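Good morning, everyone, and thank you for making time for this. I would like to walk you slowly through one structure, so please keep the picture in view while I talk.

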Amino acid sequence: MPAEADQPTAPHRSTPPPANPPGPVAAADDHHLIEVRGARENNLRDVSVDIPKRRLSVFTGVSGSGKSSLVFGTIAAESQRLFNETYTSFVQSFMPSVGRPDVDGLRNLSAAIVVDQERMGANSRSTVGTATDAYTMLRIVFSRLGEPYAGTAQFFSFNGSEGMCPRCEGLGRTSEIDVDQVVDRSLSLNEGAILVPGYAVDSWPWKVMTSSGFYDPAKKVADFTDTELHDLLHKPTTKVKVDTSNLTYEGLVPRIQRSFLSKDREAMQAHIRAYVDRAVVFAECPECGGARLNRAALASRIDGRNIAECSAMQISDLARFVRDLDAPSVAPLLANLGGLLDSLVEIGLGYLSLDRTSATLSGGEAQRVKMVRHLGSPLSDVTYVFDEPTTGLHPHDVQRMNNLLLRLRDKGNTVLVVEHKPEVIAIADHVVDLGPGAGTNGGLIQYTGDVAGLRASDTLTGRHLGHRARLRETVRKPVAQLSIENANLHNLKDVSVDVPLGVLTVVTGVAGSGKSSLIHGHLSHREGVVVADQSPIRGSRRSNPATYTGLLNPIRTAFAKANGVKAALFSANSEGACPGCNGIGLVYTDLAMMAGVASVCERCEGKRYTPEVLEYRLRGKNISEVLGMSIAEAHTFFPTGQAHTVLGRLNDVGLGYLRLGQPLNTLSGGERQRLKLAIHMAEKSSTYVLDEPTTGLHLADVDKLLALLDRLVDQGNSVIVIEHHLAVMAHADWIIDIGPGGGHDGGQVVFTGTPTELVETAGGASLTARHLKEYVHGA
């Protein structure tokens, strides 16, 4: 074929070509910047910024400055929304609804994968093994190598009928229900004998029971015949006719098992959870011994171990077990499984086991489990978004996390990290600093560039990047002690230790060393001990800081007094609520096969109240405007009284930037903990237990937290902090170091004493001592 044939044929032109033809089309690899123009999500103030692709960018700034709004609420949200739109409406109906962020323009986005700290669900059948696919690979290995042969991989699944234990249905535990917590035998059904939540007299479920015809609802339960009692408590699902309707009847015990016990405890509503704790006794399944599988699956072994024993092994030990298997027939599978287990070890999760229930993982552990799924991925040119990936990590483990972030970048991916730790900021190719403050005082770009430029800048982050807390010159003396004796929970090895009172005590150690087991398992439930942790705050989408702290009551009272009307008018859950949205401010629309949407209520324009209520003013502000204030603004607006006191405590714990009406489900773990601490500060407490209170705190805010902890101790309280932050350790009066490693390599007291004494032992077994010495000496 002649060479000319390879050349494109010139199109026929009816007019001569232009004198100045357009320049060449931009090359594909010129798209090297994510361009954000005019971002206004949450508190962002028309932010425009360029972020380099295929680089590691760290986003810094105080809590509430707008970091998450830019990274998660704008860049990641729009990337995921656009990606979801490539699917059919039917498929989209199964995806979470993602609204379009408030931004003028976003260019050069790539597919975003968010690796956040959200818990991994409350399904009791989900484990570390199932979440990472490690258990799936292990099942295949056992189906090929296990002796005696038990069948395909499905026969080793506790979530399938072929493999699950028939007694506990693959849950590993059985439950016994206390009948006296189900019915009050001294009453009739008409008198409220049924004690199960949801069966109040005149409720619909109660009407089905009383109209069933199986027993007389006016008869005392104590007088029921054996058949009547069986029908009330144990009758399986059957159809009954009530009036003209055919309805489903079910005994109370199977109803409890189906409706309550199939859920994980943490997924239950508070009153349901409290009832289950009273009415149900859980025990290890006698059939499978908690292994979840049937006898045939448990009989199959490799090198003397069955699959349940392998799943219960510490992952670091299981990795060695898999490496030692010599089986050419499944060599590629063993290599993949071994690589996955090694990644879990490398990421600092070697102390977990594959049978660990996903719901029991902390936010940081859940994030690292999700991260493992992406380390071996062949995908590249993806945008990975991380939310404080070092949360829950000891300084010893932070370097390993840094290496993993760099590995993801070096595969050709864009890595965006929201982070406060100087060790992570130090490895950034690019830094975006937001501020200058939080809430309405934030939302502006303070600096973009490299780390050296950040250090030299006069921003809050730049000024604090090299800041280090000093060891106390004199430590406080304990006034008493709480003794823990022979503690054996989880991996603790017969630990006995005295926790001093009247001082600031920091309990530290690598992830999985046993810190939480020691404090939460053996100290938190004692009288006079108040725990403020990062667990989710239960409540509806109506809940906000004003309702949660009780602050709304004095605010409503002030409005009522100033206007001479009822206080109930100023509750969005009561008389004053907008009828269009029932006081939520948003209207939620179910679009059937398309994703549902939430839109601002047109009647009240998101203000939540009726126009009549909004006419009432308190010093020139209506109730909606007051709830739109930040805590700091409201503290000035209410200069005296109960509202001023509560707002002062919220300010003290560093939450001045939150809005009074901000939904609680938008708060981070660290913000939730500080909100709980503010409430507990009103109580007459003597001992506070805090779990990683520096989570989500900027370097500058850590100093404020330390001042708050000092104030609590100086007021006569004891403060016990589970923490990895070196500034908090340096500031402590007393340190309890647990370790030396995680899992079965931990569970011992490595050191107790003052921070100065710990630094002097830096040559010993304590990893904490080594890092604290480097920190205080500026290494």
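Let me begin with strand E21, which is mostly covered, since 5 of its 5 residues are buried. Please keep in mind throughout that what we are looking at is a predicted model. From E21, the residues Ser718, Ile720 and Ile722 point one way, while Val719 and Val721 point the other way, and all of them are buried. That fits a general pattern, in which the side chains of a regular strand alternate between the two faces of the sheet.

What are the partners of this strand? On the one hand there is strand E20, residues 687-691, which pairs with E21, residues 718-722, in the parallel sense over 5 bridges. Within that pairing, Tyr688 has Val719 as its bridge partner, and Val689 has Ile720. On the other hand there is strand E16, residues 504-508, which runs parallel to E21 and is joined to it by 4 bridges. Here Leu504 is the residue whose bridge partner in E21 is Val719.

Stepping back, these strands belong to an open sheet of 6 strands, with mixed pairing, whose order is E17-E20-E21-E16-E22-E23. At the edges stand strand E17, 529-532, and strand E23, 748-753, and because each has a single partner strand, one side of each is left without a neighbour in the sheet. On average, and with direction ignored, neighbouring strands of this sheet are turned by 15° against each other. Helix H25, residues 669-680, lies across E17 and E20, and it runs at about 150° to E17.

Now let me move to another sheet, again open and of 6 strands with mixed pairing, in the order E5-E10-E11-E3-E12-E13. Its edge strands are E5, 112-115, and E13, 444-449, each of which pairs on one side only, and the twist from one strand to the next averages 20°. Within this sheet, strand E3, residues 56-60, and strand E12, residues 430-435, pair in the parallel sense over 4 bridges, with Thr60 standing opposite Asp433 in E12. Helix H1, residues 67-84, packs on the sheet and touches E3, E5, E10, E11 and E12, its direction making about 135° with that of E5. Helix H14, residues 395-410, also packs on the sheet, where it touches E3, E10 and E11, and its direction makes about 150° with that of E11.

One residue of this sheet deserves a pause, namely Thr414, which lies in strand E11, residues 414-418. Is Thr414 buried or exposed? Its relative accessible area is 0%, and because the cut-off for buried is under 20%, Thr414 counts as buried. Its side chain reaches the backbone nitrogen of Arg54 at 2.8 Å. If we leave aside its neighbours within four places in sequence, Thr414 is in contact with several residues, among them Ile34, Pro52, Arg55, Val382 and Tyr384.

That brings me to the nonpolar interior, and the general background is that in soluble globular proteins nonpolar side chains tend to be buried together. In this model the largest nonpolar core has 75 residues, and of these Leu341, Met371 and Phe386 touch the most other members. The largest share of this core, 8 residues, comes from helix H12, residues 331-349. Phe386, again leaving aside neighbours within four places in sequence, is in contact with residues including Phe72, Val115, Met371, Leu405 and Val417. A second, separate core of 70 residues includes Val62, Leu551, Leu705 and Val713.

Not every buried position is nonpolar, as helix H6 shows. In H6, residues 226-234, the buried residues are Glu228, Asp231, Leu232 and Leu233, and what covers them includes helix H5, strand E8 and helix H7.

Let me end with the chain as a whole, which has 29 helices and 23 strands. Of its 779 residues, 53% are buried. A compact globule with 779 residues would have a radius of gyration near 28 Å, and the 30 Å of the protein chain agrees with that. The C-alpha trace spans about 100 × 85 × 85 Å along its principal axes. Finally, among contacts between residues at least 6 apart in sequence, 66% join residues at least 24 apart.

Note on methods:
Residues numbered from 1 in each chain as written. Predicted model: local features only at pLDDT ≥ 70, side-chain atom pairs only at ≥ 80, totals over all residues. Heavy atoms only, no water. Helix = DSSP H or I, 4+ residues; strand = E, 2+ residues; numbered from the N terminus. Buried < 20%, exposed > 50% of the residue type's maximum accessible area, 1.4 Å probe, protein only. Polar contact = N/O pair within 3.5 Å; in protein donor to acceptor, adjacent residues only side chain to side chain. Contact = heavy atoms within 4.5 Å. Core = buried A, V, L, I, M, F, W, Y, C linked by side-chain atoms within 4.5 Å. Pairing = 2+ DSSP bridges. Axes fitted to C-alpha atoms, helices over the stretch in contact; angles between N-to-C directions. Rg over C-alpha atoms; globule rule 2.2 N^0.38 Å.
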